[in-house]
Amino acid sequence: MSGVWMFQQNGVVRLVENPKADSNSKRGKVLVHLPSNEVITSYSVLERKLMALGWERYYDDPSLIQYHMRSSIDLISLPKDFSKFRSIHMYDIVVKTRNVFLVKDM
């Protein structure tokens, strides 16, 4: 079973199997590198920014693009195809690189 856990107004959590929120990229979310105020438009741009922060490419799964930081257990996993890069991936990057990236509406 797959889906997204959603909090309801009454505080109850439920699993939504086909959430509308899964298509956030269609609503115009972008990942912004805060120090340069640059919108991330490709994996090559993202990789340069992550490597400058000490992230290293991880080649364990050929179906994904992954980065890890030696000093932590964090792992960033992204789909190979940039067109499948969604807000869930953007927020994962934001959480793991505090104060460096931000997700904005277009």
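Two strands are said to pair when DSSP finds at least two bridges between them. With that in mind, a good place to enter this predicted model is the match between arginine 57 and tyrosine 67, which is the bridge partner of arginine 57 in S6. Three bridges join S5 to S6, and these two strands run antiparallel.

Stepping back, the protein chain contains two helices and eight strands. Followed along the sequence, these elements give the pattern β-β-β-β-α-β-β-β-α-β. The protein chain has 106 residues, of which 31% count as buried. Among the contacts with a separation of 6 or more, 38% are between residues 24 or more positions apart.

The strands just met belong to an open sheet of three, in the order S5-S6-S7, with antiparallel pairing. Strand S5 (56-58) and S7 stand at the edges with a single partner strand each, so one side of each has no neighbour in the sheet. On average, neighbouring strands of this sheet are turned by 30° against each other, direction ignored.

Another open sheet of three strands has the order S4-S3-S8, and its pairing is antiparallel. Here the edge strands are strand S4 (38-39) and S8, each of which pairs on one side only. S3 and S8 are joined in the antiparallel sense over five bridges. Lysine 29 can be found opposite aspartate 105 in S8.

Both helices meet strands of this sheet. H1 lies across S3, S4 and S8, and runs at about 145° to S8. H2, in turn, lies across S3 and S8, and runs at about 25° to S3.

Which residues of helix H2 are buried? Within residues 87-96, which make up this helix, they are Ser87, His89, Met90, Ile93 and Val94. These residues lie on the same side of H2, because they cover an arc of only 160° around the axis. The elements that cover them include strand S3 (29-33), helix H1 (43-52), strand S7 (75-79) and strand S8 (101-105).

Histidine 89 offers a closer view of this helix, being one of the residues found in H2. Its relative accessible area is 18%, and histidine 89 therefore counts as buried, since the cut-off is under 20%. Not counting residues up to four places away in sequence, histidine 89 touches Ser77, Leu78, Pro79 and Lys84.

Leucine 78 leads from there into the interior. Its contacts, leaving aside neighbours within four places in sequence, are Tyr43, Leu46, Leu64, Ile65, Tyr67, Phe85, His89 and Ile93. In the largest nonpolar core, which has 19 residues, the members that touch the most others are Leu31, Leu46, Leu78, Ile93 and Phe101. At least two residues of this core come from each of H1, strand S6 (64-68), S7, H2 and S8. H1 gives the most, with four residues.

Aromatic rings add a further part of the picture. How many aromatic pairs does a search of the whole structure find? The search finds three. In one of them, tyrosine 43 and phenylalanine 82 have ring centres 4.9 Å apart and planes at 90°, so this pair is edge-to-face. The two residues are 39 residues apart and link distant parts of the chain, with tyrosine 43 in helix H1 and phenylalanine 82 in the loop between S7 and H2. Phenylalanine 82 also pairs with phenylalanine 85: the ring centres are 5.2 Å apart and the planes are at 20°, so this pair is stacked. Together, Tyr43, Phe82 and Phe85 form one aromatic cluster.

Buried or partly exposed: where do the members of this cluster fall? Tyrosine 43 is buried, with a relative accessible area of 11%. Phenylalanine 85 is buried too, at 5%. Phenylalanine 82, at 27% relative accessibility, counts as partly exposed.

Definitions and conventions
Residues are numbered from 1 along each chain as its sequence is written. This is a predicted model: local features need pLDDT of at least 70, side-chain atom pairs count only at pLDDT 80 or more; totals for chains, interfaces and linings use all residues. Side-chain values use heavy atoms; hydrogens and water are left out. Buried means under 20% relative accessible area, exposed over 50%, partly exposed in between (1.4 Å probe, protein chains only). The arc is that of the directions from the helix axis to the C-beta atoms. Contact means heavy atoms within 4.5 Å. A nonpolar core is a set of buried Ala, Val, Leu, Ile, Met, Phe, Trp, Tyr and Cys residues joined through side-chain atoms within 4.5 Å. Axes are lines fitted to C-alpha atoms, for helices over the stretch in contact, and angles run from 0 to 180 degrees between N-to-C directions. Rings of Phe, Tyr and Trp (its six-membered ring) pair if their centres lie within 6.5 Å; planes under 30 degrees apart count as stacked, over 60 as edge-to-face and the rest as tilted.
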